[in-house]
Amino acid sequence: MSEKSIEFSCRCSSFSGRLHIPDNQIGFHVICYCCDCQKFNRKLESSFNKLDEHGGTVLYQTRPSFYKIDSGQEFVRCYSHQPNGLHRWYTACCNSHIANTMGKSSIPFIGIPLTIFKLKEGKAEENFGKIGLKAFAKYAEPKNPIGAHQTFPKSYMFKIIPFMIMGMIKGLAKPHPFYKKDGSALAEPSVGNLSITPT
């Protein structure tokens, strides 16, 4: 089986790794304009975590087992806006946003900001496919990006649910880059209060 391997790193390169994508695996190239993504970006206070011209976070959603950390695991930190919310992973070394996951190691889903990938300009679609979803445009500034949905479209669930089910059947949540074998997180999430070092 052939696969694509794409290098990634945080802004200062203390944290690095590779995303391995087998040719027969699907993923989702998306933009999220939600207020939580924007709020997290503001908390990190780092220009590295670049949003698009409407305040959107550009992500590639795929399987946790494809995300391999090579160095800098000790710098990994976690934040969540609320107790049962999305886990947002970043680095303590330079406040780089490195991934979003659900709060359990068994869920085969990870969202990766494209800012961490070492890609040549204009190569995002070549590596991750065309953008298939722009969601939560009601929070975008300026509002109403072209082709964006005001909220999360229910029709998209027909893609996400089979993706999740197949991932569970094939065990593609593990090994998980941000959870240990016993299911505990590499770093306990800081809930609602993100303490960072200015960069």
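**Notes on the sheet, the cores and R63**

1. A pair to start with: K4 stands opposite I21 in β2. The two strands involved, β1 and β2 (residues 16-22), are antiparallel partners joined over 7 bridges. Strands here are DSSP runs of E, at least two residues, numbered from the N terminus, and two of them pair if DSSP finds at least two bridges between them.

2. Please keep in mind that this is a predicted model, where local features need pLDDT of at least 70, side-chain atom pairs count only at pLDDT 80 or more, and totals for chains, interfaces and linings use all residues. Residues are numbered from 1 along each chain as its sequence is written, and side-chain values use heavy atoms, with hydrogens and water left out.

3. The open sheet has 3 strands in the order β1-β2-β5, with antiparallel pairing. Because β1 (3-9) and β5 (67-71) each have a single partner strand, they stand at the edges and one side of each lacks a neighbour in the sheet.

4. The largest nonpolar core (buried Ala, Val, Leu, Ile, Met, Phe, Trp, Tyr and Cys residues joined through side-chain atoms within 4.5 Å) has 27 residues, and L19, Y67, W89, F117 and F178 touch the most other members. A second, separate core holds 13 residues, including C37, L133, I160 and M164.

5. R63 sits in the loop between β4 (57-62) and β5. Is this residue buried or exposed? R63 is buried (under 20% relative accessible area, 1.4 Å probe, protein chains only), at 2%. A polar atom of its side chain lies 2.6 Å from the backbone oxygen of F163.

Methods: Helices (H or I, at least four residues) and strands (E, at least two) are DSSP runs, numbered from the N terminus. Buried means under 20% relative accessible area, exposed over 50%, partly exposed in between (1.4 Å probe, protein chains only). A polar contact is a pair of N or O atoms within 3.5 Å; within protein, one must be able to donate a hydrogen and the other to accept it, and residues adjacent in sequence count only if both atoms are side-chain atoms.
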